[in-house]
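Reader: I am new to reading structures. Please take one part of this one, look at it closely, and then show me how the rest is laid out around it.

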Amino acid sequence: MAFSPQFPYPLYLVISEEDCYPQPWLQVAEEAIIGGVDIVQLREKKAVYSDFLEKAHKLIRLTDHYGIPLIINDAIDIAADVGAWGVHVGQKDLPPLAIREKFGNSIHIGWSMETLAQLESEQLNAADHLGVSPIFSTPTKTDTIDEWGISGLRQLRMRTEKPLIAIGNMNLTTAGAAWDAGANAIAVVSAICRSQDPRESSAQLKHLLR
Ligand SMILES: Cc1ncc(COP(=O)(O)OP(=O)(O)O)c(N)n1
Ligand SMILES: Cc1ncsc1CCOP(=O)(O)O
Ligand SMILES: [Mg+2]
């Protein structure tokens, strides 16, 4: 229902080695892509630079093989180094305008929205798509502000035409409502990384997003 030609990637996997452990993260990524994931973000919050870079190189080999885009979380220099499709930054990261100034239109920029007031920011124009963060609170990321909930997502939908990525406790029970409320993509960590069968979980999530 909310498929967007501007962001034609309805199922969005956010992955890290730690969130997949003890499953091998690269294998989880591959299974998820085969199952139906459309875009992958590498989010390594604890890795040192060299490890993050090495993982990014490994992951882009995989995403290129399957012809899907790779987004790097936070680290614009790593995104540029590996030639990633995009970068995702939040309110405490390098702002979209600064990224645009340095890299022009060669990179897609995702930007986290935590409040409606952030829609008034001058940074908004430089962002290509918005992470609606979090829809529901989640143990995966605890340094968040308020939940948007489905009604908050609906309000945001009425106020912007930018592609909206719903993130935060999205799973088979919650993703359908976020999709129906106007999200253009559903982003998940646990629902795929912590699944015993990432391929099947991805296929089931993808089935909801039609
Ligand atoms: C798609 C998407 N949306 C939101 C976030 C959160 O970004 P941020 O607020 O910068 O927090 P960290 O992920 O860096 O902890 C995201 N990563 N992806
Ligand atoms: C990276 C991020 N940004 C907002 S919530 C979140 C984590 C989502 O993880 P999960 O899908 O396990 O709830
Ligand atoms: Mg960040």
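Author: Start with what lies over the buried residues of helix H3 in this predicted model. The cover includes strand S1 (11-15), helix H1 (17-20) and helix H2 (25-35). It also includes strand S2 (39-42), S3 and helix H4 (76-82).

Which residues of H3 are buried? They are Phe52, Leu53, Lys55, Ala56, Leu59, Ile60, Leu62 and Thr63. Note that Lys55 is on that list.

Now check the length of the helix. H3 covers residues 49-66, which makes 18 residues. At 1.5 Å a residue, the helix should span 26 Å. The C-alpha atoms at its ends are 26 Å apart, so the two values agree. Just after H3 comes glycine 67, with a positive phi of about 70°.

Next, the sheet. Eight strands close into a barrel, and their pairing is parallel. The order is S1-S2-S3-S4-S5-S6-S7-S8. On average, neighbouring strands of this sheet are turned by 25° against each other, direction ignored.

Take one pair of strands. S3 holds residues 70-73, and S4 holds residues 86-89. They pair in the parallel sense over three bridges. Within this pair, isoleucine 72 stands opposite valine 87 in S4. Helix H5 (residues 96-103) packs on the sheet. H5 touches S4 and strand S5 (108-113). The direction of H5 makes about 170° with that of S5.

Move along the chain to helix H6, residues 149-159. Arginine 157 lies in this helix. Is arginine 157 buried or exposed? Neither word fits: its relative accessibility is 21%, so arginine 157 counts as partly exposed. The cut-off for buried is under 20%. Setting aside residues up to four places away in sequence, arginine 157 touches Lys162, Leu164, Ala181, Gly182 and Asn184. Leucine 172 is 15 residues from arginine 157 in sequence, and their C-alpha atoms are 21 Å apart.

The side chain of arginine 157 also reaches the backbone oxygen of threonine 160, at 2.8 Å. Threonine 160 sits in the loop between H6 and strand S7 (164-167). Its relative accessible area is 9%, so threonine 160 is buried. A polar atom of the threonine 160 side chain lies 3.0 Å from the backbone nitrogen of lysine 162. Leaving aside neighbours within four places in sequence, threonine 160 is in contact with Leu119 and Leu130.

Now the ligands. Which residues come nearest to ligand 1? Of the 14 residues around ligand 1, the nearest are Arg43, Lys45, Asp93, Ser112 and Lys141. The side chain of aspartate 93 has an N or O atom 2.9 Å from an oxygen atom of ligand 1. For the side chain of asparagine 73, the distance from such an atom to a ligand 1 oxygen is 3.1 Å. Glycine 90 takes part through its backbone: one N or O atom there lies 3.2 Å from an oxygen atom of ligand 1.

Ligand 2 has its own surroundings. Around it are Arg43, Ser133, Thr138, Thr140, Lys141, Ile167, Gly168, Asn169, Val188, Val189 and Ser190. Threonine 140 has a side-chain N or O atom 2.6 Å from an oxygen atom of ligand 2. A polar backbone atom of asparagine 169 is 2.8 Å from an oxygen atom of ligand 2. For valine 189, a backbone N or O atom lies 2.9 Å from an oxygen atom of this ligand.

Notes. Residues numbered from 1 in each chain as written. Chains lettered and ligands numbered in written order. Predicted model: local features only at pLDDT ≥ 70, side-chain atom pairs only at ≥ 80, totals over all residues. Heavy atoms only, no water. Pairing = 2+ DSSP bridges. Helix = DSSP H or I, 4+ residues; strand = E, 2+ residues; numbered from the N terminus. Axes fitted to C-alpha atoms, helices over the stretch in contact; angles between N-to-C directions. Contact = heavy atoms within 4.5 Å. Expected span 1.5 Å × (residues − 1). Buried < 20%, exposed > 50% of the residue type's maximum accessible area, 1.4 Å probe, protein only. Polar contact = N/O pair within 3.5 Å; in protein donor to acceptor, adjacent residues only side chain to side chain. Near = heavy atom within 4 Å.
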